[in-house]
Amino acid sequence: MAIEAASSLHRPKKKIWTDSLSSLMAILNPKSHHSMAREIQTLLLSHKHIHLRWLKAHVCYLGNECADQLAKEAVTKGDPFLLPKPLTYLKAEIKSAALSIWQDKWDNGETGRSTHDIVPRVSNKPAGWNREDIMFVTGHGPFPSYLHRFNLRTHDNCSCGEKGYPIHYATKSRFTLSWHFQTPSVSLKLQ
């Protein structure tokens, strides 16, 4: 739009100033894949007398302050000429929506409830848990209770006779004495 307006001016050299260094770099990059940057590159090739320049933002350049004000007014009035959102913004929105859907399914699901009590919030960041921690929290491991669910054992008892759940091995089983934790009180078991 600015290139078309500048091309109608009757001056030998024309400059378009912008405070968006990232936009300027995208336009000057011959390998840019952004459709708007490619369109501007094509326009500039056909208008060689128009030059793009950068100026620092928010340092009281009158024209720049006026352009910022007009852009803000256009957005608040719902002007149909809206520039597309930056790719980083769209990626952040998609990531946020995906995490929200995942969290909803995690909160309202029927499986993994014991793990949900320990890890109630979903995240795509690594948790830093080791294999043994994961097996203990999820109950997926060489525990009789887990093996029995898949008919890999005929019963779900530990060799000592009690139910073979992970908490049993961590607190009571005589076969794992050197690794025992203190048995949590009933009120703290969920925590």
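**Buried helix 6 residues, a nonpolar core and a surface patch**

His116 is buried, because its relative accessible area is 16% and the limit for a buried residue is under 20%. The model is a predicted one. His116 lies in helix 6. Beyond the residues up to four places away in sequence, His116 touches Trp106 and Asp107.

Thr115 belongs to helix 6 as well, which covers residues 113-118. With a relative accessibility of 15%, Thr115 also counts as buried. Its contacts, leaving aside neighbours within four places in sequence, are Trp106, Val137 and Thr138. Trp106 is thus a contact of Thr115 and of His116. Thr115 and Thr138 are 23 residues apart along the chain. Their C-alpha atoms are separated by 5.5 Å.

Confidence was examined by chain and by element. The mean pLDDT of the chain is 81. Of its residues, 87% reach 70 or more. Among the elements, helix 5 (residues 87-108) has the highest mean pLDDT, at 91. The lowest mean, 67, belongs to helix 10 (residues 186-189).

The largest nonpolar core holds 9 residues. Its members are Ile3, Ala6, Ile16, Leu24, Ile27, Ala37, Leu44, Ile50 and Leu52. Four elements feed this core with at least two residues each: helix 1 (2-7), helix 2, helix 3 (35-46) and strand 2. Ile27 is one of the core residues. Not counting residues up to four places away in sequence, Ile27 touches Ala37, Ile40, Gln41, Leu44 and Leu52. Of these contacts, Ala37, Leu44 and Leu52 are themselves listed in the core.

A nonpolar patch of about 420 Å² lies on the surface. Leu21, Met25, Leu28 and Trp54 make up this patch. Helix 2 (residues 21-28) gives the largest share, 3 residues. Trp54 sits in strand 2, which spans residues 50-54. Its relative accessibility is 39%, so Trp54 counts as partly exposed. That value falls between the 20% limit for buried and the 50% limit for exposed residues.

Helix 2 and strand 2 therefore appear on both sides of the account. Each supplies at least two residues of the core. Helix 2 also provides the largest share of the patch, and strand 2 holds the patch residue Trp54.

Technical notes. Residues numbered from 1 in each chain as written. Predicted model: local features only at pLDDT ≥ 70, side-chain atom pairs only at ≥ 80, totals over all residues. Heavy atoms only, no water. Patch = residues over 30% accessible without salt bridge, like charges linked within 9 Å, V, L, I, M, F, W, Y side chains within 5 Å. Areas by Shrake-Rupley, 256 points an atom, 1.4 Å probe, with all protein chains shown as cover. Salt bridge = Lys/Arg side-chain N within 4 Å of Asp/Glu carboxyl O. Buried < 20%, exposed > 50% of the residue type's maximum accessible area, 1.4 Å probe, protein only. Core = buried A, V, L, I, M, F, W, Y, C linked by side-chain atoms within 4.5 Å. Contact = heavy atoms within 4.5 Å. pLDDT = per-residue confidence, 0-100.
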